[in-house]
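User: Hey, got a minute to go through this one with me? I'd like to get a feel for how it's put together.

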Protein chains: 2
Amino acid sequence: MTLLFCSSSDNADVWRAEITKHLPDLEMRVWPDIGDVADIDMALVWKPPAGLLASLPNLRLIVSLGAGVEPLLEDPTLPEVPLVRMVSEGLTVDMAGYVALQVLRWHRLVDEYGALQAASRWQPLDHRPASDVTVGVLGLGELGAASARTLRTMDYRLLGWSRSPKSVEGVESFSGADGLAAMLPRCDLLVCLLPLTAETRGILNAELFAALPAGAVVVNAARGGHLVEADLLAALDRGHLRGASLDVFGTEPLPADHPFWRHPKIRITPHVAAITHPSRSAVQVADAITAFRSGRPLANLVDRRRGY
Amino acid sequence: MTLLFCSSSDNADVWRAEITKHLPDLEMRVWPDIGDVADIDMALVWKPPAGLLASLPNLRLIVSLGAGVEPLLEDPTLPEVPLVRMVSEGLTVDMAGYVALQVLRWHRLVDEYGALQAASRWQPLDHRPASDVTVGVLGLGELGAASARTLRTMDYRLLGWSRSPKSVEGVESFSGADGLAAMLPRCDLLVCLLPLTAETRGILNAELFAALPAGAVVVNAARGGHLVEADLLAALDRGHLRGASLDVFGTEPLPADHPFWRHPKIRITPHVAAITHPSRSAVQVADAITAFRSGRPLANLVDRRRGY
């Protein structure tokens, strides 16, 4: 029995170390060095290349490294074998930490003080009191509410937008197109945590950036499809936006020649804002493999018609 | 009437801009370019050089930029004129933000991802779930409690130490020498927020660092006197500590030739973790000056025997 590992967003060595704590005899092959495809009967994957899984003649189990399996289900060649997904409890607090970190790094001038340290210069800069800094959150689901809760403890002013009206404690809430137009001019930082739908695709575009005040910062921790990349570069380069923190991209991994990498106003993380932690979740993978080997029922089996 | 401004930790231009919103006719001179000392009748200061205020023959009012006036009262030459201190409401949340930022920057690998971005490399690294990361806080007063509250919303494990037993919600509390010895080996990050007393001076020393687990991070946002600088450098250089975030120093401004500036494992900020914000506090300075000019009673007047 051999497990294929394929993900550009997860560390294969860490996963191997954690899974083999539970299954010492497991053989794991990391794409693209997968040897004889006939050996592989299980796959542990996040966004594998289309057709890869279909090329494995003896595949009998797929485990998704993500809680959302929509990237897998979009592949028409996905083999008709049992598909299991991770159910992670840590995603929400992980995201709250990422959002807090990005708000704090821009507000508290991390890069400016880094440059001063490199020059051995003692130069206090003026950061505004957090009570004068307004953070707008797009998307008021579980992730948005948790992020707002953390930021509120530090006295940031919170605005939030969702398609239909929602109420979150400590957050002044807006909804619909009129609500978005009313909220944007007040946001010193704008954080996107929306689901990706037909309505929200490309929402981070030139028109939205122009509605933000000069010097605003944009944080995208949702999906690459929310952002019109050329519009962000234009808004940064004409000096309207101060910066952007991006965790997600239209193409992942972000190609090495992409202009985002070298842009002085962009801070990149490789889709790690909220992750499935190997130390917590390897046991789920091991359980799925053990159940599969012994013919026992699989937990967190995806219903493909339902989509989760 | 002429105001002297003297502080190595505050931005004179920002203070001037904010104060002159309230007092457009005010003349402010910034140390060391102070012109004729006989012109100066008021001083707005943070840690002025000893003897500076005594050298001003017509000084009749001192306003402290800090809430704590102990650095002023330690100067035996301090003139016997009214001394007013800032009373800032934003210090506590400012500190909670600084502490959260330092915990997040080390836990969420800000510098590692910065280096990867500089190399245009997409390489997800493994960050542990926050619920597996233990933060120890030295000092469980208002600042420690506020910092713990913010970190708890992100699921960090909180330990706290104070000289006498204290109870803070969500924090496993320790006290006394035995309590410190029990707490230190569990701390992935240790944050110092203690008052500086004869008992706590030099508490961040070789013995304490050795009691921390390998790879721990130290954050000092209290006073420079808590830290034995040579011991920190030794613990970093032998690889026992992963890094340190320092906001306070034995000598401020930190001299340009100090080894901390260029140390790859040290992150420096110039005593700005919790500041008196000009945009919020300039009105207090203007009120003090106006009251002084018109002979009205002064708010926040320091009782020198009491010390505050």
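**Strands, helices and the contact between chains**

Analyst: Sure, let's start with one pair of residues: Val63(B) has Val84(B), in strand 5 of chain B, as its bridge partner. Strand 4 (residues 61–64) and strand 5 of chain B run parallel and are joined by 3 bridges. Keep in mind that this is a predicted model.

User: What sheet of chain B has strand 5 in it, and in what order do the strands come?

Analyst: An open sheet of 5 strands, ordered 2-1-3-4-5, with parallel pairing. Strand 2 (27–30) and strand 5 (83–85) of chain B have a single partner strand each, so they stand at the edges with one side left without a neighbour in the sheet. On average, neighbouring strands of this sheet are turned by 25° against each other, ignoring direction.

User: And strand 3 of chain B, is that buried or exposed?

Analyst: Mostly covered: 7 of its 7 residues are buried. On one pairing, strand 1 and strand 3 of chain B go together in the parallel sense over 6 bridges, and Leu3(B) has Met42(B) as its bridge partner there. Strand 3 of chain B also pairs with strand 4 of chain B, again in the parallel sense, over 4 bridges. In that pairing Val45(B) stands opposite Ser64(B).

User: Which helix lies across strand 1, strand 2 and strand 3 of chain B?

Analyst: Helix 1 (residues 12–22) of chain B, and it runs at about 170° to strand 2 of chain B.

User: I was also looking at Lys47(B). Where is that one found?

Analyst: Lys47(B) sits in the loop between strand 3 and strand 4 of chain B. Its relative accessible area is 38%, so Lys47(B) counts as partly exposed.

User: What is Lys47(B) in contact with, leaving aside its neighbours within four places in sequence?

Analyst: Pro71(B) and Glu252(B). As for Asp75(B), it is 28 residues away from Lys47(B) along the chain, and the C-alpha atoms of the two are separated by 9.7 Å.

User: Let's hop over to chain A. Which way do the residues of strand 4 point there?

Analyst: They split two and two in strand 4 (residues 61–64) of chain A: Leu61(A) and Val63(A) point one way, Ile62(A) and Ser64(A) the other way, and all are buried. Strand 4 of chain A pairs with strand 3 (residues 40–46) of chain A in the parallel sense over 4 bridges, where Met42(A) has Leu61(A) as its bridge partner. Strand 4 of chain A is also joined to strand 5 (residues 83–85) of chain A by 3 bridges, and those two run parallel. There, Ile62(A) has Leu83(A) as its bridge partner.

User: What holds strands of a sheet together in general?

Analyst: Strands of a sheet pair through backbone hydrogen bonds, either parallel or antiparallel.

User: Back to chain B. What is the order of the sheet of 7 strands?

Analyst: The order is 8-7-6-9-10-11-12, in an open sheet with parallel pairing. Its edge strands in chain B are strand 8 (172–175) and strand 12 (266–268), each pairing on one side only. Neighbouring strands of this sheet are turned by 15° against each other on average, direction ignored. Strand 11 (residues 241–246) and strand 12 of chain B run parallel with 3 bridges between them, and Ala244(B) stands opposite Ile266(B) there.

User: Which helices pack on that sheet?

Analyst: Helix 3 (residues 91–107) of chain B is one of them, touching strand 6 (134–138), strand 9 (189–192), strand 10 (216–220), strand 11 and strand 12 of chain B. The direction of helix 3 of chain B makes about 155° with that of strand 11 of chain B. Helix 8 (residues 229–237) of chain B touches strand 11 and strand 12 of chain B, with its direction at about 145° to that of strand 11 of chain B.

User: Now the contact between the chains. How many residues does it take from each?

Analyst: 59 residues from chain B and 59 residues from chain A. The area buried between the two is about 4800 Å², and carbon and sulfur atoms give 60% of that. Gln117(B), Trp122(B) and Trp261(B) supply 18% of the area that chain B buries against chain A, more than any other three residues.

User: How are the two copies related?

Analyst: A rotation of 180° with 0.0 Å of shift along its axis superposes chain B on chain A, with an RMSD of 0.1 Å. That is the relation of a two-fold axis. The same surface serves both copies, as 100% of the contact residues of chain B recur in chain A.

User: Last one: what does the model score?

Analyst: ipTM is 0.83 and pTM is 0.84. Chain A averages a pLDDT of 94, and 99% of the residues score at least 70.

Note on methods
Residues are numbered from 1 along each chain as its sequence is written. Chains are lettered from A and ligands numbered from 1 in the order in which they are written. This is a predicted model: local features need pLDDT of at least 70, side-chain atom pairs count only at pLDDT 80 or more; totals for chains, interfaces and linings use all residues. Side-chain values use heavy atoms; hydrogens and water are left out. Copies are superposed by least squares on the C-alpha atoms of residues with pLDDT of at least 70 in both. Contact means heavy atoms within 4.5 Å. Buried means under 20% relative accessible area, exposed over 50%, partly exposed in between (1.4 Å probe, protein chains only). Two strands pair if DSSP finds at least two bridges between them. Axes are lines fitted to C-alpha atoms, for helices over the stretch in contact, and angles run from 0 to 180 degrees between N-to-C directions. pLDDT is the predictor's confidence in each residue, from 0 to 100. Buried area is the accessible area (1.4 Å probe) that two parts lose on being put together, summed over both.
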